[in-house]
Amino acid sequence: MARQGLAVIGNAMKRVEDHDFQTKRSTDPGWWGRLGPGVCTNRSVFYKMKGLLHVVANCKQSPPSNDEFGIIMKIHEYQAKGILKKYGVAVPRGTMAANREEAETSAKDILSSGATGVVVKAQIHAGGRGKGGGVKIAKSVDEAGEYAGKMLGMKLVTHQTGPEGRIVRRLLVEETLPIEKELYLGILVDRSEGKPVFMASAAGGMDIEQVAAERPEAILKQYIDPGMGLEPFQARKIAFALGLKAAQISPAVQFLTGLYRAFLDTDASLVEINPFISCTDGRLFALDAKLTFDDNALFRHPDLRELRDITEEDPLEVEASKYNLNYIKLDGSVGCMVNGAGLAMATMDIIKYAGGMPANFLDVGGSASADQVAHAFEILLSDKSVRAVLINIFGGILRVDMLATGVVEAARKTHIQLPIVLRLEGTNVLEGRKILLESGLNFVVAETMKDAADKVVAAARA
């Protein structure tokens, strides 16, 4: 908490959909706190951002079905640029390639149209690709094909992927541009202000995180009234702050306005252009683009749902989303099943207080059925790092007896051998405990959360 507000916004926004509950591998454990209480990251399971009020008011679609929840909606760079292009945001000419032949064809088309070179860029849901060897410049079709052949199928490791990396399955081949300056642009939601905030910096590029940490004054913040939208004078203020030339101000206003319209219309939780470049001939481009979306609004964006790439997501998280379960894999050994995000957070805290590490965040929700509980149990046990399980339920809408029935069914189906500790309170708690005792399975029932945490941590260490 050494720096409040947006002192490290560059670092935070680069990881905005990759914080500890999503990638679990943040290289800076304190970044969330320094981001400040007001800034909304992409999809914290306990802060679900809703669309702006006037958009919701005009929504005519039906509410989403269960299978549309729980998606951490990120898309690839080439997809983001395709969306931004529809809003008049200038992007380099380029196409996606899934194999070497397509990459060579793309390079040939681009080079034959007058480009001096092409950039071959690995498409994964993580930043730091350039430093990890996932961005290469080619001057010929053969060179582009050679780079494509090496990249496709490679395990690309960056500071955001962790040591296990990501497999490259797609490439973006696009034209090179005569870069004069690298700048930074981003839009996200500030919860404390209840408004979107436009971020801009004249110090863009790969080292924006370092700039934001060392020189927070280099980050300009422009708050946007949701009822008014991005006004021309605000766009001009940002353009001048970026040090653009007089002849570039009008194109920059058009660029920024299109960027905000894309943010609003797609119910995005983050739009980031890093770098936003000024060319030697005065043109402005989004050289890189990142978009993430509010998954609560995906029911009114079927076109965006089609952009989901499940190969970039944790398989267990993908499976959980099919059953309307909030599951996020972590790095510990104590599996957790809880109803309610607040109780789940408290459960993870008390596990750490007892000396253990949670293996996951699993919120079955307040109205889960026995079938959903059974699926949740199966997903939890599919994680090979889990050595003991803590089930912490406060029965309200989800009755304790229903939870107990689901747990027993799942335990029998999976032939569970791991120790299971339960702490149960609430509606029909006596009936639930009776179901567990009569099941014949080896469950440990704790009286308090601390008792439960101590027992499950001891079991995981045994």
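Angles between elements are taken from their N-to-C directions and run from 0 to 180 degrees. With that convention, the model, which is a predicted one, can be read element by element.

The chain has 462 residues, of which 56% are buried. Its secondary structure amounts to 16 helices and 19 strands. Among contacts in the chain with a separation of 6 or more, 73% join residues 24 or more positions apart.

One place to start is an open sheet of four strands, ordered E2-E7-E3-E4 and paired in the antiparallel sense. Its edges are strand E2 (94-97) and strand E4, each of which pairs on one side only. Going from neighbour to neighbour in this sheet, the strands are turned by 20 degrees on average, with direction ignored.

Helix H4 (residues 77-86) lies across three of these elements, E2, E3 and E7, and runs at about 50 degrees to E7. Helix H5 also packs on the sheet and touches E2, E3 and E7, but the direction of H5 makes about 10 degrees with that of E7. Since angles under 35 degrees count as roughly parallel, H5 is therefore roughly parallel to E7.

Strand E3 (residues 118-122) is mostly covered, with five of its five residues buried. The burial applies to both faces: Val118, Val120 and Ala122 are on one side, and Val119 and Lys121 are on the other. A lysine is thus among the buried residues of this strand.

E3 has a partner on each side. With strand E4 (residues 135-138), E3 pairs in the antiparallel sense over four bridges, and the residue of E4 bridged to valine 118 is alanine 138. With strand E7 (residues 171-175), the pairing of E3 is again antiparallel, here over five bridges. Two bridge partners help to locate this pairing in the structure: valine 118 is matched with glutamate 175 of E7, and alanine 122 is matched with leucine 171 of E7. Valine 118 therefore has a bridge partner in E4 as well as in E7.

The next step is from the sheet to the helix pairs. Two packed helices are described by the angle between their axes and the distance between the axes. For helix H5 (residues 100-112) and helix H6 (residues 141-151), the angle is about 150 degrees and the axes are 8 Å apart. Angles over 145 degrees count as roughly antiparallel, so H5 and H6 are roughly antiparallel to each other. Their crossing is right-handed. On the H5 side, the contact is made by Arg100, Ala103, Glu104, Ala107, Lys108 and Leu111, and on the H6 side by Val141, Asp142, Ala144, Gly145, Glu146, Ala148 and Gly149. Sorted by class, the residues of this contact are six nonpolar, two polar and five charged.

Further along the chain, strand E9 (residues 195-201) is also mostly covered, six of its seven residues being buried. Strand E8 (residues 179-190) pairs with E9 in the antiparallel sense over seven bridges. E8 and E9 form a hairpin with four residues between them, and in the turn glycine 194 has a positive phi of about 65 degrees. Within the hairpin, leucine 188 has valine 197 of E9 as its bridge partner. E9 also pairs in the antiparallel sense with strand E10 (residues 220-223), over four bridges. There, valine 197 stands opposite tyrosine 223 of E10.

A second helix pair is made by helix H8 (residues 232-241) and helix H9 (residues 246-265), whose axes come within 9 Å and cross at roughly 120 degrees. H8 and H9 are therefore oblique to each other, and their crossing is right-handed. From H8, the residues in the contact are Ala235, Arg236, Ile238, Ala239 and Phe240, which meet Ile249, Ala252, Val253 and Leu256 of H9. By class, the contact of H8 with H9 has eight nonpolar residues, no polar ones and one charged. The contact of H5 with H6, by comparison, has five charged residues.

Key:
Residues numbered from 1 in each chain as written. Predicted model: local features only at pLDDT ≥ 70, side-chain atom pairs only at ≥ 80, totals over all residues. Heavy atoms only, no water. Buried < 20%, exposed > 50% of the residue type's maximum accessible area, 1.4 Å probe, protein only. Pairing = 2+ DSSP bridges. Parallel < 35°, antiparallel > 145°, perpendicular 65-115°, else oblique. Left-handed = near helix turned anticlockwise from the far one by under 90°. Contact = heavy atoms within 4.5 Å. Nonpolar A, V, L, I, M, F, W, Y, C, P; charged D, E, K, R; others polar.
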